[in-house]
Amino acid sequence: MDNKNFNKESLVNIANSLMVAGKGLIAMDESNPTCNKRFAQFGIPQTAELRRQYRDLIVTTPDLGKYISGAILYDETVRQRTNDGSSFIDKMVNAGIIPGIKADMGTVDLAGFPGEKITEGLDGLRDRLNEYAGLGLRFAKWRAVITIGNGIPTDTCIAANMQTLAQYAAFCQEAGMVPIVEPEVLMDGTHSISQCFEVTERVLTHLFNKLYKQRIDLEGILLKPNMVLAGVDSTEKNSVMDVADATVKCLLRCVPAEVPGIAFLSGGQSTELATEHLNAMHVKYGQRLPWALTFSFSRALQLPALEIWKGKDENRLAAQQALLYRAKCNSAARMGEYKEGLA
Ligand code: 5MM
């Protein structure tokens, strides 16, 4: 059904440019509490200035645009300037990286449902998106969090979060921005890979039903899901190919071919495993996937660089090299060409 008061062609172009062959996205949209938590891990002072310097380090990494099509920013960064006084948005556009923004306002406890979360941020979203679009941001991202545990996720939690994602997506398309829709089934817990499969399938089925009812144009969205994995505290051992098989099977069941692309979150996997899993999906299924399949990692791209940087200027170049290397590895994986120790 056509309800369109937006420029569909422009949305499709943005989505396809983000999913261009050989590239993926970098999520650098950690909210202040999350960014501070990552800084604390490496003894980096948790200030707005250090967060600015770190984001400057990322977007000025030479050649990053060879492997990265788009970057998801946090509101604080959009209002800061790079070391040379440019806006972050201009800097990225000049580097060939499409700028986007985290549009949600984080999660809170879902009232009446212990252990479950709901994402906030719909109030005032239309105005915020219009402002972001005016600043030159071309896409937005909203993360819903689903936890696997004793008796959870409940249908109520899934329904509430998927409804919210659909409403967010409608506001984005209205503002001319591509919605990246991120329903994250967390890795936390002792669950098996088959439990993760079952929950991810439930979540994605629900999501696409809500997107349909909300009249979202699926050609103008991107999906950012978790890979299908056993919980971090599970005793189960799965091979890289087990994860690739389960993830692709789940996505083929649930994600309409009309969706132009899927860009995974890394979810706390090691940098190496996240890359190997993406690579295996392309090696085994590359020819039969109906959508482009790439990465939209935060931790699996950034952590080695952050560990080297430690908030010190003298480590900046080495940190940029580490970031570029992970971007290059994931770019290779996105084409099924990754090998450990890639030069
Ligand atoms: C799941 O988090 C997203 C992907 O990151 P990973 O690859 O590290 O799993 C990420 O875009 C996330 O949404 C942002 O880091 C913002 O998170 P917070 O917790 O700050 O809202």
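This passage goes through the overall fold, the ligand site and two backbone oddities of a predicted model.

A word on bookkeeping: residue numbers start from 1 along each chain as its sequence is written, and side-chain values rest on heavy atoms, with hydrogens and water left out. Because the model is predicted, local features need pLDDT of at least 70 and side-chain atom pairs count only at pLDDT 80 or more, while totals for chains, interfaces and linings use all residues.

The protein chain carries 12 helices and 10 strands (DSSP runs numbered from the N terminus; H or I with at least four residues for helices, E with at least two for strands). Its C-alpha trace spans about 50 × 50 × 45 Å along the principal axes. The radius of gyration is 19 Å, which agrees with the value near 20 Å for a compact globule of 343 residues (taken over C-alpha atoms; the globule rule is 2.2 Å times the number of residues to the power 0.38).

Now for the ligand. Around it are 17 residues, of which S31, K102, K141, S266 and R299 come nearest (a residue is near if one of its heavy atoms lies within 4 Å). By class, this shell has 9 charged, 5 polar and 3 nonpolar residues; here Asp, Glu, Lys and Arg count as charged, Ala, Val, Leu, Ile, Met, Phe, Trp, Tyr, Cys and Pro as nonpolar, and the others, Gly among them, as polar. Strand 6 (139-146) and strand 7 (178-185) each put at least two residues into the shell.

Polar contacts (pairs of N or O atoms within 3.5 Å; within protein, one must be able to donate a hydrogen and the other to accept it, and residues adjacent in sequence count only if both atoms are side-chain atoms) reach oxygen atoms of the ligand from several places. A polar side-chain atom of K141 is 2.3 Å from one such oxygen, and a side-chain N or O atom of K102 is 2.5 Å from a ligand oxygen. G267 uses its backbone instead, with an N or O atom at 2.7 Å. The protein covers 93% of the 500 Å² of accessible area that the ligand has on its own (Shrake-Rupley method, 1.4 Å probe).

Two backbone spots stand out, given that most residues other than glycine have a negative phi and most peptide bonds are trans. The bond from I152 to P153 is cis, with omega near 10°, and P153 belongs to the loop between strand 6 and helix 7 (155-174). R215, in the loop between helix 8 (193-213) and strand 8 (222-223), has a positive phi near 60°.
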